[in-house]
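Subject: Handover of a structure and notes on what was found

Dear colleague,

Please find below the sequence and structure that I am handing over to you. My notes follow directly after them.

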Amino acid sequence: MLDGFVTFWGLKHSFISELNPLMRQLYEFNPLLFILLKAALSLSLYLFIFLKKVPQSRWLMWITVLAAVFYTSVFALHCVWMGSILR
């Protein structure tokens, strides 16, 4: 959920840009909805993994895990960008 706030802060101060066109439109429409959706998506993704609710299908399990890895990587990249800007 921290990613939503870091992304929001970076967008608000023009440090980063949202590359996902749907999320960019949502941010431009209503920043609060943007944060709420990002928080809900990340929470549901990690609940699947941490509560062991990953789908039993092997390919769905891998898609879920890859989505979590990708999402975490994007969050880390945002943090690195923010850290380099704030120095």
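In which helix is Lys38 found? Lys38 belongs to helix H3. Before I say more about Lys38, please note that the model is predicted.

Overall architecture

The secondary structure consists of 4 helices and 0 strands, and the order of elements from the N terminus is α-α-α-α. The C-alpha trace spans about 40 × 30 × 20 Å along its principal axes. Of the 87 residues in the protein, 25% are buried. The accessible surface amounts to about 6,300 Å², and carbon and sulfur atoms account for 74% of it. Among contacts between residues at least 6 apart in sequence, 49% join residues at least 24 apart.

Lys38 and Thr7

Is Lys38 buried or exposed? Lys38 is buried, because its relative accessible area is 8% and the cut-off for a buried residue is under 20%. Leaving aside neighbours within four places in sequence, Lys38 is in contact with Asp3, Gly4, Thr7, Glu18, Met23 and Tyr71.

Thr7, one of these contacts of Lys38, lies in helix H1. Thr7 is buried as well, with a relative accessible area of 0%. Beyond residues up to four places away in sequence, Thr7 touches Ile16, Glu18, Phe34, Lys38 and His78. Glu18 therefore appears in the contact lists of both Thr7 and Lys38, where contact means heavy atoms within 4.5 Å. Phe48 offers a point of reference for distance: Thr7 and Phe48 are 41 residues apart in sequence, and their C-alpha atoms are 23 Å apart in space.

Helix H1

Helix H1 covers residues 2-12, and its buried residues include Asp3, Gly4, Val6, Thr7, Gly10 and Leu11. Why can these residues be assigned to the same side of H1? They cover an arc of only 170° around the axis, which places them on the same side of the helix. Leu2 and Lys12 are exposed on the other side of H1. After H1 comes Ser14, which has a positive phi, near 60°.

Helix H2

In H2, the buried residues are Met23, Leu26 and Tyr27. Viewed down the axis of H2, these residues fall within an arc of 100°, so they line one face of the helix. The face turned away from the buried side carries the exposed residues Gln25, Glu28 and Phe29.

Arg24 also lies in helix H2. Its status is intermediate: Arg24 is partly exposed, with a relative accessible area of 36%. Not counting residues up to four places away in sequence, Arg24 touches Glu18 and Leu19. The C-alpha atoms of Arg24 and Leu11 are separated by 9.5 Å, and the two residues are 13 residues apart along the chain.

The nonpolar core

Which residues form the largest nonpolar core? This core has 9 residues, namely Val6, Leu11, Ile16, Met23, Leu26, Tyr27, Phe34, Ile35 and Met82. The elements that give two or more residues to the core are H1, helix H2 (21-29) and helix H3 (31-50). H2 gives the most, with 3 residues. Met23, Leu26 and Tyr27, the buried residues of H2, are all listed in the core.

Leu26 may be examined individually. With neighbours within four places in sequence left aside, Leu26 is in contact with Pro31, Leu33, Phe34 and Leu37. Of these contacts of Leu26, Phe34 is also a member of the core.

The nonpolar surface patch

A nonpolar patch on the surface is formed by Trp9, Phe15, Leu77, Val80, Trp81 and Ile85. Together these residues have about 510 Å² of accessible area. Which element supplies the largest share of the patch? Helix H4 (residues 58-86) does so, with 4 residues. Val80, a member of the patch, is found in helix H4. Val80 is exposed, because its relative accessible area is 53% and the cut-off for an exposed residue is over 50%.

Yours sincerely

Conventions
Residues are numbered from 1 along each chain as its sequence is written. This is a predicted model: local features need pLDDT of at least 70, side-chain atom pairs count only at pLDDT 80 or more; totals for chains, interfaces and linings use all residues. Side-chain values use heavy atoms; hydrogens and water are left out. Buried means under 20% relative accessible area, exposed over 50%, partly exposed in between (1.4 Å probe, protein chains only). The arc is that of the directions from the helix axis to the C-beta atoms. A nonpolar core is a set of buried Ala, Val, Leu, Ile, Met, Phe, Trp, Tyr and Cys residues joined through side-chain atoms within 4.5 Å. Patches are made of residues with over 30% relative accessible area and no salt bridge: like charges are joined within 9 Å, nonpolar side chains (Val, Leu, Ile, Met, Phe, Trp, Tyr) within 5 Å. Accessible areas come from the Shrake-Rupley method with a 1.4 Å probe; for residues, only the protein chains shown count as cover. A salt bridge is a side-chain nitrogen of Lys or Arg within 4 Å of a carboxyl oxygen of Asp or Glu.
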